[in-house]
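Colleague: Take me through the charged pairs in one part of this model, then what lies around the chain beyond them. Keep it brisk.

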Amino acid sequence: MPRTPTPHSPIPLLPEATVASSTSPYATTRRQVLVGGAVGLSAAALGTFGGAEALADATSRASRIPEPFTLGVASGDPLPDSVVLWTRLAPRPLAEDGRGGMPDWRVPVQWQVSEDERFRRISAAGTVTADPDRAHAVHVEVEGLRPGAQYFYRFRCGREISPVGRTRTAPAPGARVDRFAFAFASCQSYTNGHYTAQAHLAEEDLDLVAFLGDYIYETGDQGEIGRGHYPPREIRTLAEYRLRHAQYKSDADLQAAHAAFPWAVVFDDHELENNWADDTSYGEDVPPEQFLLRRQAAFQAYYEHMPLRRSQRPTGPDLRLYRRLHFGDLVDVHLLDTRQYRDVQVPDVDRGDPNRTLLGARQRQWLLDGLTGSRARWNVLAQQVFFSQRDFADGDAVNVSNDAWDNYRVERDRVRDHLATVDNPVVITGDVHANYVADVKADFDDPDSATVATELVGTSFTSGRDGEDQRPTDAVQLRENPHIHFINRRRGYVRNTVTPTEWTADYRVVDYVSEPGAPIIDRARFVIDAGTPGVRRQG
């Protein structure tokens, strides 16, 4: 066993990122990411990788930490001149105390950003300190990068070099953009399936991945395929949430998907507890102050494992997750939080209360103002739960989900009416473990009313196990909800290609996740024409 490093004098806490901008011309065209490590480059080959003499002693001690990059690397929230880089030092990611096998002292981590994957043209470099109070997670906000450019990045701790990730900045504000490619996905229960779809995702040619929630599951489920949850119980403490995130992050296919593109992440419910609402547990009768302690633990672990900016760092049980990303003149992405500010779920008879909210007053106003001020060709609401009306009951009876926008009908209709006033709104959704395509109607009870937007709902990565094309009850949904055009229950993700004139959504699915190796196919393709709300099917 390696000897545990002895504590040393604290190193001064360095800035979150130290940046050295480059004026080298961009010439990289290769799309593959090097996810297997340093690809033959030794530590010596890195030369002065950060090389501040003041850190020599700390770096020497860090060199005693074996294989710290077991959870891979990630990037996220691209801006025109900036992107977040993430890793976490965890030589023993499932160490019972949730600390990843790390010593209880701060560790210097060096990082580089390059225009080429062999790091011959360095664009930015620096050193950041990984703190034990934050699970030795690293969040670097690199600045001074060029808009719309591809970059490669890596980290070093002691003599160990991380896998190489690829990322991309957003286009310049207002710049003409002719193509934006992104995928969205959600719901990746580790126990329900292998991450085959994530492996296929890593091979795509994308500018962004939007993950819409249920990154982990809080249950003690052991499943049936040898991928049982650890610890084998429902998690509640900070150490347990850290362990669950580390277990998920240890999957090589998920690491490859993170290393291939920047991600924009939002949570739903299972990152904390099934169907929670604000300060209220859905499944347990506990006082709000007790539930908020659990929420604080879950939020801290979530931030520690995601490529989020400092502005998303939680303060106690609060985490400001809603935010906006701009991609030139083509796309504005409005990322929503439909959990933290919502009223508790109520029976159908009470869902028409005009005071009920899913977003909370502040987030709702932020959204409406942002939509009004948008100058982008397309406006995307990236959110968690089903937006359109969805009646499950046959005939005159009505039965809707109490966890979706139908349970907050008045606020949903207010947002819907506002969508009718902006350019080309598209709602993207996760949560329900099935693919849907729906018209957002000016009046859901009148099929002849105007279509004001399109909702694209993506299936799960794995949750719900292998899935199926359709269930017998889906015929009822299609009959009772004529604005719904498509239902499919296989696993996968939705790939989107957006241009100034049209949006193409490819529903990509695998037939099974109970075993690895399933091929992926395009189950259906839908096109939205700019200026014409609604979809047309192409395949």
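**A close look at strand β20**

Modeller: E502 is partly exposed, with a relative accessible area of 27%. Here buried means under 20% relative accessible area and exposed means over 50%, with partly exposed in between (1.4 Å probe, protein chains only). This is a predicted model, so local features need pLDDT of at least 70 and side-chain atom pairs count only at pLDDT 80 or more, while totals for chains, interfaces and linings use all residues. Residues are numbered from 1 along each chain as its sequence is written, and side-chain values use heavy atoms, with hydrogens and water left out.

The partner of E502 is R536: their side chains form a salt bridge at 3.6 Å, N to O. The bridge joins distant parts of the chain, with R536 in strand β22 (residues 532-537), E502 in strand β20 (residues 502-510), and their positions 34 residues apart. A salt bridge puts a side-chain nitrogen of Lys or Arg within 4 Å of a carboxyl oxygen of Asp or Glu. Strands are DSSP runs of E, at least two residues; helices are runs of H or I, at least four; numbering starts at the N terminus. R536 is partly exposed too, at 34%.

β20 holds another charged residue, D506. Its side chain meets that of R525 at 2.5 Å, N to O. R525 lies in strand β21 (residues 520-529), 19 residues apart from D506. The burial of the partners differs: D506 is buried at 3%, and R525 is partly exposed at 32%. Neither residue stands alone. A network of salt bridges links E204, R495, D506, R508, D522 and R525. Across the model, the count comes to 39 salt bridges.

For contrast, take a bridge within one helix. D413 and R416 meet at 3.5 Å, N to O. They sit three residues apart in helix α7, about one turn of the helix. D413 and R416 are buried. So are other α7 (residues 409-419) residues, including E411, R412 and V415. The buried residues of α7 pack against α6 (361-373), β14 (378-382), β15 (425-429), β16 (435-441) and β17 (451-457); contact means heavy atoms within 4.5 Å.

Charges also meet rings. R154 lies over the face of F119, 3.9 Å from the ring centre. R227 has its charged end over the ring of Y190, also 3.9 Å from the centre. The rule asks for NZ of Lys or CZ of Arg within 6 Å of the ring centre and within 35 degrees of the ring normal.

Next, ring against ring. The whole structure has 23 aromatic pairs. One of them is F180 with F327, tilted, at 4.4 Å centre to centre and 35° between the planes. F180 belongs to strand β9 (residues 180-185) and F327 to strand β12 (residues 323-327), 147 residues apart. F180 is buried at 3%, and F327 is buried at 2%. Pairs are rings of Phe, Tyr and Trp (its six-membered ring) with centres within 6.5 Å; planes under 30 degrees apart are stacked, over 60 edge-to-face, and the rest tilted. F180 and F327 join F182, F184, W378 and W503 in one aromatic cluster.
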